[in-house]
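Here is a short briefing on the structure shown below. It takes confidence, packing and aromatic pairs in turn.

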Amino acid sequence: MSSTRRASLSIGRAVASCALALCLLAFCAAARAGAQEVVHYQHESFPAFEGQLSAGQIESATFNKKAHTLHLLLKDGRHVLVSYPSHEEPQLAAKLRASGVAVTVEKKKKATKAVHHKLRYIAGGILIVVIIVVLAVLLIDRRRKLGEAGGGAESGGAQGGGAQGGGAQGGGAQTPSSPGDTV
């Protein structure tokens, strides 16, 4: 194996590994773009909620009318979930506002499609396309180099028309391997 062929093979491998690394990086970035931080709420009793309200430990409150739950953010950073009786929602909202707590009511959300799954499929598709392109480039480069190596060995002798082909052309019409050769 000649030194130029070794160098070109190592360059091809370096290009392929760089392309693979870029694909992995793009895939990881796309996966992270869809990821969101999930808040876990601790369940708490209604009397414990009333104690926190009187002690002034509540920073904000969000009512979920459908589930009759109250999502609380405490001043120490904890997230708490409290179930309340359905008929007491207006009185609780008034008590919370009187204590200086920011109160919001959860609105119905429209059904949205899961974007993170779509991004994963897009990233996976891009990764597959890039891998196919890299493999095609490497295969074409290998065939071209084998054709040059095979054509160079046969071009020194007389080229006959029998079973002996013109290198990597695979039969058919013979083509000259260099500009000075004739068919």
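A residue counts as buried when its relative accessible area is under 20%. By that cut-off, both F46 and F49 are buried. The model is predicted. The chain has a mean pLDDT of 75, and its largest nonpolar core holds 17 residues.

**Confidence**

- Of the residues in the chain, 64% reach a pLDDT of 70 or more.
- Among the elements, β4 has the highest mean pLDDT, at 90. Helix α1 (residues 3-34) has the lowest, at 66.
- Residues 155-169 have a pLDDT below 50. Beyond near neighbours in sequence, this stretch has 17 contacts in the model.

**Nonpolar core**

- In soluble globular proteins, nonpolar side chains tend to be buried together.
- Within the largest core here, the residues with the most contacts are F49, I58, F63, L70, L72, V82 and L96.
- Five elements are listed as giving two or more residues to this core: α2, β2, β3, β4 and α3.
- L72 has contacts outside its neighbours within four places in sequence. Among its partners are F49, I58 and V82. Y41, Q52 and R78 are also included.

**Helix α3**

- Which residues of helix α3 (residues 89-98) are buried? They are E89, L92, A93 and L96.
- These residues lie on the same side of α3, because they cover an arc of only 100° around the axis.
- P90 and A98, on the other side of α3, are exposed.
- The buried residues of α3 pack against one helix, α2 (46-55). They also pack against the strands β2 (58-64), β3 (69-74) and β5 (102-105).
- R97 is in helix α3 too. Its relative accessibility is 51%, so R97 counts as exposed.
- R97 and S60 are 37 residues apart along the chain. Their C-alpha atoms are separated by 9.7 Å.
- G100 follows α3 and has a positive phi, near 85°.

**Aromatic pairs**

- How many aromatic pairs does a search of the whole structure find? It finds two.
- One pair is F46 with F49. The ring centres are 5.6 Å apart, with 45° between the planes, and the pair is tilted.
- F46 and F49 are separated by about one helical turn, because they are three residues apart in helix α2.
- F63 and Y84 also pair. Their ring centres are 5.5 Å apart and their planes stand at 85°, so this pair is edge-to-face.
- F63 lies in strand β2, and Y84 lies in the loop between β4 (79-83) and α3. The pair therefore ties together parts that are 21 residues apart in sequence.
- F63 has a relative accessible area of 0%, so F63 is buried. Y84 is also buried, with a relative accessible area of 6%.

**H71 in strand β3**

- H71 lies in strand β3. Is H71 buried or exposed? With a relative accessible area of 18%, H71 is buried.
- Leaving aside neighbours within four places in sequence, the contacts of H71 include S60, A61, T62 and N64. V80 and L81 are also among them, as are Y41 and E106.
- Y41, S60, A61 and V80 are likewise among the contacts of L72.

Terms used. Residues are numbered from 1 along each chain as its sequence is written. This is a predicted model: local features need pLDDT of at least 70, side-chain atom pairs count only at pLDDT 80 or more; totals for chains, interfaces and linings use all residues. Side-chain values use heavy atoms; hydrogens and water are left out. Buried means under 20% relative accessible area, exposed over 50%, partly exposed in between (1.4 Å probe, protein chains only). Helices (H or I, at least four residues) and strands (E, at least two) are DSSP runs, numbered from the N terminus. The arc is that of the directions from the helix axis to the C-beta atoms. Contact means heavy atoms within 4.5 Å. Rings of Phe, Tyr and Trp (its six-membered ring) pair if their centres lie within 6.5 Å; planes under 30 degrees apart count as stacked, over 60 as edge-to-face and the rest as tilted. pLDDT is the predictor's confidence in each residue, from 0 to 100. A nonpolar core is a set of buried Ala, Val, Leu, Ile, Met, Phe, Trp, Tyr and Cys residues joined through side-chain atoms within 4.5 Å.
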